[in-house]
Amino acid sequence: LVRAAVNLRDLDISRSCWGCHITDQGLLDISSAACVGNLTSVSLWGLAGITDKGVVHLVSRARSLQHLNIGGTFITDESLYAVADSCPNLKSIILWSCRHV
């Protein structure tokens with residue numbers, strides 16, 4: 001679905017939205033979609049199956065991000081360093097309940 005949505009700007013795959021169970025492999029696949037460079041908002045809230053591996057890969061390709069919600073995940077400082085390096089247009093980041101940061 002994401003691969004076909006070349007003009008996608010907002011991606012919300014939060015666990016609470018659709019009961020999604022996305023893993024790092026899913027984020028790696030999303031990172032290869034044509035729309036990833038156009039994404040301005042991404043919500044991964046509550047996705048316990050993702051780690052730094054998936055988040056770092058996604059944000060390194062989603063350089064237009066303005067809003068990022070990665071609360072409720074198991075990311076560490078490594079993801080935050082990648083966000084700082086790759087997302088110059090970031091306006092907001094939600095880290096609620098990221099216990100490993």
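**Exercise 1. Determine whether isoleucine 94 is buried, partly exposed or exposed, and find what it touches.**

Isoleucine 94 has a relative accessible area of 40% and is therefore partly exposed, where buried means under 20% relative accessible area, exposed means over 50%, and partly exposed lies in between, computed with a 1.4 Å probe on protein chains only. The structure is a predicted model, in which local features need pLDDT of at least 70 and side-chain atom pairs count only at pLDDT 80 or more, while totals for chains, interfaces and linings use all residues. Residues are numbered from 1 along each chain as its sequence is written, and side-chain values use heavy atoms, with hydrogens and water left out.

Next, place the residue: isoleucine 94 belongs to strand S4, residues 92-94; strands (E, at least two residues) and helices (H or I, at least four) are DSSP runs numbered from the N terminus. Then look for its partners, where contact means heavy atoms within 4.5 Å. If residues up to four places away in sequence are not counted, isoleucine 94 touches Leu68, Asn69, Ile70 and Gly71. One of these, asparagine 69, is 25 residues apart from isoleucine 94 in sequence, and their C-alpha atoms are 4.5 Å apart in space.

**Exercise 2. Describe the surroundings of tryptophan 96 and the backbone of serine 97.**

Begin with tryptophan 96, which is found in the segment after S4. With a relative accessible area of 56%, tryptophan 96 is exposed. Even so, once its neighbours within four places in sequence are left aside, tryptophan 96 is in contact with Trp45, Gly71 and Gly72.

Continue with serine 97, which also has its place in the segment after S4. Its relative accessibility is 24%, so serine 97 counts as partly exposed. Most residues other than glycine have a negative phi. Serine 97, although not a glycine, has a positive phi of about 65 degrees.

**Exercise 3. Work out how helix H2 packs against helix H3, and which residues meet.**

First take the geometry: H2 (residues 24-31) and H3 (residues 52-61) pack at an angle of about 10 degrees, with their axes 8 Å apart. Here axes are lines fitted to C-alpha atoms, for helices over the stretch in contact, and angles run from 0 to 180 degrees between N-to-C directions. H2 and H3 are therefore roughly parallel to each other, since angles under 35 degrees count as roughly parallel, over 145 as roughly antiparallel, 65 to 115 as roughly perpendicular and the rest as oblique.

Then list the residues: Asp24, Leu27, Leu28, Ile30 and Ser31 in H2 meet Lys53, Gly54, Val55, His57, Leu58 and Arg61 in H3. These residues divide into 5 nonpolar, 3 polar and 3 charged, where Ala, Val, Leu, Ile, Met, Phe, Trp, Tyr, Cys and Pro count as nonpolar, Asp, Glu, Lys and Arg as charged, and the others, Gly among them, as polar.

**Exercise 4. Carry out the corresponding analysis for H3 and H4, and then examine serine 79.**

The axes of H3 and H4 come within 9 Å and cross at roughly 0 degrees, and H3 and H4 are therefore roughly parallel to each other. On the H3 side the contact is made by Asp52, Val55, Val56, Val59 and Ser60, and on the H4 side by Glu78, Ser79, Ala82, Val83 and Ser86. The residues of this contact divide into 5 nonpolar, 3 polar and 2 charged.

Serine 79 itself is in helix H4 and, at 0% relative accessibility, counts as buried. Apart from its neighbours within four places in sequence, serine 79 is in contact with Asp52, Val55 and Val56.

**Exercise 5. Identify the residues with the most contacts inside the largest nonpolar core, and follow two of them outward.**

The largest nonpolar core has 22 residues, and those with the most contacts inside it are Leu27, Val42, Leu44, Val59 and Leu65; a nonpolar core is a set of buried Ala, Val, Leu, Ile, Met, Phe, Trp, Tyr and Cys residues joined through side-chain atoms within 4.5 Å. H2, H3 and H4 (77-86) each supply at least two residues of this core, and H3 gives the most, with 3 residues.

Leucine 27, in helix H2, is buried, with a relative accessible area of 0%. Not counting residues up to four places away in sequence, leucine 27 touches Ile13, Ile22, Leu44, Ile50, Gly54, Val55 and Leu58. By the same count, the residues that leucine 44 touches include Ile13, Leu27, Ile50, Val55 and Leu58.
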